Amino acid sequence: MRSDPTPQFLSYPVRLPDGVQAAALRLLDASREVINATVAALWERLDDFGERESQYAYKQVTAMMGSPAAHGDRQWRCEAEQAGRILRGQARRKQQFALILPLLSVGMIAPGTEKKPAGKDRKAIKAVLASLREESSDGGDAVELQGLIEQACNFYLKNGCFPDTYEEMQAVPVQKRGLLPYAGDDGGEYGTAHRLRVDVEGRCCYVALRCPDAQGGWEKGWTEPQMRLPLPDPVVEHLHAGAALAPTLREIAEPDGTSYAVLDFIVEVPVAPLADPRQVRRVLGWDWGVRTLVTAVVLDLSGNRLSPPLFLDTGGFDGRQAHTRRHIDRLKQKVAKLETRRDRFPVGDPRREPSERKLAGLRREIACCWRKYAARNSDLAHLAANLLLLLASVWGAELIAGESLKSLKSEGRGRGAKGRWVNWRNNAQIRGVLWRTLRYKCHLTGLHLAWQHPRGTTHTCPHCGKPAKTYASPALDAKPLDAGAWLRCLECGWNGARDYAAAINIALLGVAFLLQEVEHQEHEIRLKRPTMKTKPLNSESYTGSGLALRLPPTSPRGRLMHSGKRYMNGWITSVTLHSALPPDTMLRLCG
Ligand SMILES: [Zn+2]
């Protein structure tokens, strides 16, 4: 378990005033050109970026080359910083590619049939991912590794062979949206690419940026007069305690094709010290559900269940996402029809023009829908992470145990848009967001977070630990069904929702892990994480002693932190957190 807290940084975007938008966007365009030229020039030295001597990427870049544009040394350093960050990210991907390269095989390609073209064999890919298991990792890498394998398979489908090197399948990356970190500038009031004076008492700051003029010249330079920008409340709060880092200028694109510039304020956030594992008395376990997004339960260290089962049910949300998916499908059909109509005429024929015009509009709308869809998913993952922290806080649990992402289980059912959305919800991407959010928030608030082996957690009785079957329904004559929502133990008679059983089992693994850590804390030996086969305890009783759900939370350490984003956005009208116990234990959160 981690012992010393490392600082965390949060960023808060502030839209620049209309008067300087044009200049800021020009600046971003100009620096994007330099950044892309720099990345392209250094692409063949990618391996050098796998190692770093300085936290500043620009130092690495400027040691290798001079500025491709004569627009000032500090401006170049900021661009070099961004180019270096891109190259460092790519170098990391390349190192991960080395892990999967020996595992790439034709077995990952599903051969084509008469009805279906050749594609990726997802089962085979999953099996390979599972074989990459490392004891030390929580599976957060699994998402990246899967992405790399799929990229290699796409290469195979196009070229008939797997790539020999990372560069063979990865084109030189291109920055599409402007992004300029001022970390390479001297900063403060004396910067030569930007000037920033913070007035904490006045809750504002004064900013000037050095921008090219409309003709591309840099002689006039600065945006005048200095802009006065209000500082977001959390930034002011954090500035009282800690330092602000150099800001980042960033372009945000609107679905209608226009864009605007924001300045991201980046502040260091204090991190709560981690609780001594010997002091931890309660563990919250959660499972990524089949029927519900998340199911959670709190246990004490003897395995007694203190909380009722808590389900995060996202019914209305599912419907809304399904609606968006159906809308996208309809738009795609229209696109297909229009393309057929257009292709009746040869290229260059003016009669193609009306279809072309409509197609451009439809494609914009599709892109807009996908963005909305992805943003909602990401917001949902953040919301789920926040709720888990809230529950841990309410029940005083100081260790949160969740299943490792490595299984990448996807058990969505049903056809049509709703079924597909549930599938999507269960896939690695949204779970990755949930896990990463949880990881960094636990870090900030001093909670322990430990991943557990998910194998067997959905088909083991939490009461006696024997293997158990799942059924389509709680009825006694229900048929056994592997993806069934109800678990019934024939050994001891325990029965309950399958997601609930899994949450208890994961919490039990968390307890076993904690006890093992405490026992071996002094010896510094690395032990294998407990599995369903090796864990020493079961959950024999439900004491209900933690039943009283008191709000506001009674957490002694102020865990409900103010974070940089408001995750409960307007589109979620309500989320019901319900339990299997009487309705007075129901907690309803409205956005
Ligand atoms: Zn049992």
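This passage looks at a pair of crossing helices, a small set of paired strands and an enclosed cavity in a predicted model.

Residues are numbered from 1 along each chain as its sequence is written. In this predicted model, local features need pLDDT of at least 70 and side-chain atom pairs count only at pLDDT 80 or more, while totals for chains, interfaces and linings use all residues.

Two packed helices are described by the angle between their axes and the distance between the axes. Helix α2 (residues 57–64) and helix α3 (residues 73–100) have axes that come within 7 Å and cross at roughly 100 degrees. Here helices (H or I, at least four residues) and strands (E, at least two) are DSSP runs, numbered from the N terminus; axes are lines fitted to C-alpha atoms, for helices over the stretch in contact, with angles from 0 to 180 degrees between N-to-C directions. The crossing therefore makes α2 roughly perpendicular to α3 (a term for angles of 65 to 115 degrees). Contact, meaning heavy atoms within 4.5 Å, involves Ala 57, Tyr 58, Gln 60, Val 61 and Thr 62 on the α2 side, and residues including Trp 76, Arg 77 and Arg 88 on the α3 side. By class, five nonpolar, three polar and four charged residues make up this contact (Ala, Val, Leu, Ile, Met, Phe, Trp, Tyr, Cys and Pro count as nonpolar, Asp, Glu, Lys and Arg as charged, and the others, Gly among them, as polar).

Further along the chain, three strands form an open antiparallel sheet in the order β15-β16-β17, where pairing requires at least two DSSP bridges between two strands. The edge strands, each paired on one side only, are β15 (469–471) and β17 (495–497). Strand β16 (residues 486–488) is joined to β17 by three bridges, and Arg 488 has Asn 495 of β17 as its bridge partner. Across β15, β16 and β17 lies helix α12 (residues 498–519), which runs at about 95 degrees to β17.

Finally, the structure holds three cavities of 30 Å³ or more. On a 1 Å grid over the protein atoms alone, a cavity is a set of points where a 1.4 Å probe fits but cannot get out, and lining residues have an atom within 4 Å of a point. The second largest cavity holds about 50 Å³ of space, a volume being the space filled by probe spheres set on the points. Its lining has ten residues, with Val 294, Leu 312, Leu 387, Leu 388 and Leu 391 nearest the centre. The largest share of this lining, four residues, comes from α9. By class, the lining has ten nonpolar, no polar and no charged residues.

Technical notes: Heavy atoms only, no water. Parallel < 35°, antiparallel > 145°, perpendicular 65-115°, else oblique. 1 Å grid on protein atoms, 1.4 Å probe; cavity = no way out; pocket = protein on both sides within 12 Å on 5 of 7 lines; lining within 4 Å.
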